[in-house]
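Hi,

Here is the structure I promised to send over. Have a look at it first, and then read my notes below.

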Amino acid sequence: MGKMTKHSLENLTPSEDPGVLYRKMIPEDKQLDPAWVKSLTERGHELDAGIRGSKADDTLKFIGMPVGGIGCGTVYLSGDGRLYVWDIWSDGHQGVVPNTIPLPEGFPGFRGVENVPVWCGSNYMKPPTVGNFPPAFSQGFGIRFKDESLKKFESSDWERVEFTGRWPMGTVSFQDAACLIRAELNAYSPFIPLNVDDSSIPVTVMSYTLTNESAKPVSAELVGWLENMSTAAPRSRIAATRYSDRCRAGVRDPAQVTTLNHACTMKVPDPITQWGEVGESPGVHEGTMALSLLGEGEQTSVDRVPGIGTQVQLEAGESREFTFLISWHFPVVRIAEDYSWRTIAEQNEYATRFKDAEDVAAYVAEHFDRLSSQTKLWVNTWNDSTLPQWLLDRTIVTADTLQTANCNILADGTGGRFWAWEGIRLCHGTCTHVWHYAQAAARLFPALERNLREKTDYGFAQQSDGLVPFRGTIDAGEDGGIAIDGQCGTVLRSFREHLLSKDDTFLKSYWPKIKLALEYLIDFDRNDGDFDGLLHGQQHNTLDASWYGKVHAISSLYIASLRAGEKMAMRMGDSEFEALCRDLYNKGRRNIEKLYNGEYYIQEEDPNHPEAIGVGTGIYIDQVIGQFWANQLGLGRLYNEEHIRSALNALWKHNFVPDIGSFRETFRKGRYYAWKGDAGLIMCSWPNGGLKDDFMNHWQYDYFNECMTGFEYQAAAHMVAEGTPELVTQGLAATRAVHDRYAPAKRNPYNEVECSDHYARAMSSYAVFLAACGFDYDGPAGKIGFDPVIHPENFRAPFTAAEGWGTFSQTLGEGEMKAELSVNWGRLRLKSIKLNTQDLKVSAVKVMMDESLLKAELVQHAGGVAVELDVPVMIASGQILEVILAKR
């Protein structure tokens, strides 16, 4: 990489077409390794393994797994079991760490910036490590022996260190031939899908299992230490608190929790501006931080740093578990609410539930058995699947953004208001045109996304004409708060929030506001002069510019919104609006075919705005995004199936780049989210010509050369959902390419970067998982469905619903299909289950639960069958519903 080549875009003469370079740099034959392709659908390594790293092959250093509560800041677990990247007191820097690196030689800076800052991918190109960004205070754990030697739990002190990540839990094992004790760490913060309160605790659990590997008893001291990181005079105390002092009578009495509690005063930069420059006036955060041991311990110190120790006596071959907690309590969080990017102080919601860090520890100690067992139950449920392990890992880890400083739950007196950046401290206001891609938060914690609709979009933000400003408020921004794709996304997410509810309370309560939001789009259509089911005019969108004309991607979203509006209106008995939506939807699905060029969909540009950026005849990654959303909502086929599939095939053919490094040698502009040796889907290509100089004059043009995982997952999920062998393979390959880019040997597998770290749009990865399962759910109607595309003959995978989660499995045999729904947590109300019997023609059904036969009817449909129960059932935790389909 480096010097400009004769084939670079900058060296073309005016008469030369850039299309030739696209065709040269993006081969139609991807030359994928057959073994790699085969691995896309193989189960892979054993069930107890996830993302792995080892000291032996130097794959520990980049690992940084978030292990704090939702909305409680950032804490990383390193590959060798240390905690680092402490960002729990809202200190103002962008990204997980403030990292700026030089530009690659010969490459231009983005928007004139002469380096690579966080928002351009510095933490992708040079991932932070414990060594490069050590904590500003001393903290750790170790074993101290009788000779006073201390063996810290970090790679330098042990011969063998192995990491296994099954997020939200990280496991690190420590072994050494010179040490009689083998240790294993399980680190996590309580994480229980559907239970927001118990998943948003400012605490990290560090549970160590110590095993005596020798044939004789061993004695040692297990120690943990925590320095008071206060920038003012430190104040600390240690307390042994009996459970019975804080709990109901009879709960684990007389066990103890021993806590070292630090009072901290932190001076941090405040305010920040848009691109990370720090203001002069410091902010002061006062709070507490605590180290606790579940059980009896005593005050100790390590290198004069205060800590807690406990004596360990292990018989030959004996194992014992010891659990430390690190908790924190910093009430003030700083967010940006307008385009000045000046931060304002808010209160963390967790500060209304706990009075200090010691109180946090006491709550976790009191409820530890439940919090720990249910977190482990979720981890086991997620990984107990026949799906490829790499797919399970990649499609869930992006949800870890919830456990970073990217997301906040702000105190509002009514249970908290969810608020987030796009990426850590970059681009404020839970931006609609970014967050509508993300699917993980809504599936894992439906209450969080409903919170956004109720308190922000349809709370203080929505305007009288129906506009939902894309950053939660209208201010001095040049776009006036309007993002058409974000507006569509808000309507679509509203239907999703209804489907993920247990009843129709949400839809009934917010239907007038949802309808008004869709009417804003309909008025936009009406006022563009055509009123044809497509949008035409100034359309600000997620690529930070206003596009003009008929934009395939945005009109696709509009068509999906109309379809969703029709369904919601029907449920609300609003027949007049239902008819309007249906009429416009039918116009739109016909008229969008005018944008199909025989291979893919294009933008019809507006000749009155020749200076505007867009994609024109380019092959754009989001061109059929409306169908992606339709797949999330069970809306069926939006428009021409053959054309949509052709467009997806064109995207693979012309936009999937086997080596981004070589591509960027030619197309130099752009940020750094994929690089030499990485494969990925670029945002747009022009292999058939049409890349205009006017486009390249805009700084937003740089985006088109980039790989941004949230967009890649959107396209990949759609490919998989189409279900054809070719598209399933392409969708899995696109997803696996991202997974390989974030392999531990190269980068942090837990931090997907796009305009800052832990970018929210990356949570669209969960849609790939849903597509692989063929999952369909309608909570208020009591309907659930599965149509797996990977090994449907023997399939098992997790599912989440409105009130519970568990495991679905199915097997196909000679003349018979068996399916089971097992609820592991909460409950599931069920009236109907939809299944794809493949080539098996069935005419008889048997449904059993708790050895009781349930009355059911078999209804045939194009994609298989639906088993309709005569009376809805509530499947409780621990119960299994079994369905047997057969020929008579």
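To start you off: does phenylalanine 110 count as buried or exposed? Phenylalanine 110 is buried, because its relative accessibility is 4% and the cut-off for buried is under 20%. Keep in mind that this is a predicted model.

Now for the rings. The count of aromatic pairs comes to 52. In one of them, phenylalanine 110 meets tryptophan 699 edge-to-face, with 5.8 Å from centre to centre and 85° between the planes. These two are 589 residues apart: phenylalanine 110 is in the loop between β4 (83-87) and α3 (122-125), and tryptophan 699 is in the loop between α19 (693-696) and α20 (709-722). Tryptophan 699 counts as partly exposed, at 28% relative accessibility.

Tyrosine 437 and phenylalanine 711 also pair edge-to-face, with centres 5.2 Å apart and planes at 65°. Tyrosine 437 lies in the loop between α9 (432-435) and α10 (440-444) while phenylalanine 711 is in helix α20, so this pair ties together parts that are 274 residues apart in sequence. Both tyrosine 437 and phenylalanine 711 are buried.

There are charges over rings too. Arginine 111 has its charged end over the ring of tryptophan 699, 3.9 Å from the centre. The charged end of arginine 671 sits over the ring of phenylalanine 110, at 5.0 Å from the centre.

Last, the cysteines: the disulfide count is 0. Why is cysteine 427 not bonded to cysteine 755? The closest cysteine sulfur to that of cysteine 427 is in cysteine 755, and at 4.3 Å it is too far for a bond, because a disulfide needs the sulfur atoms within 2.5 Å.

Cheers

Key: Residues are numbered from 1 along each chain as its sequence is written. This is a predicted model: local features need pLDDT of at least 70, side-chain atom pairs count only at pLDDT 80 or more; totals for chains, interfaces and linings use all residues. Side-chain values use heavy atoms; hydrogens and water are left out. Rings of Phe, Tyr and Trp (its six-membered ring) pair if their centres lie within 6.5 Å; planes under 30 degrees apart count as stacked, over 60 as edge-to-face and the rest as tilted. Helices (H or I, at least four residues) and strands (E, at least two) are DSSP runs, numbered from the N terminus. Buried means under 20% relative accessible area, exposed over 50%, partly exposed in between (1.4 Å probe, protein chains only). A charge sits over a ring if NZ of Lys or CZ of Arg is within 6 Å of the ring centre and within 35 degrees of the ring normal.
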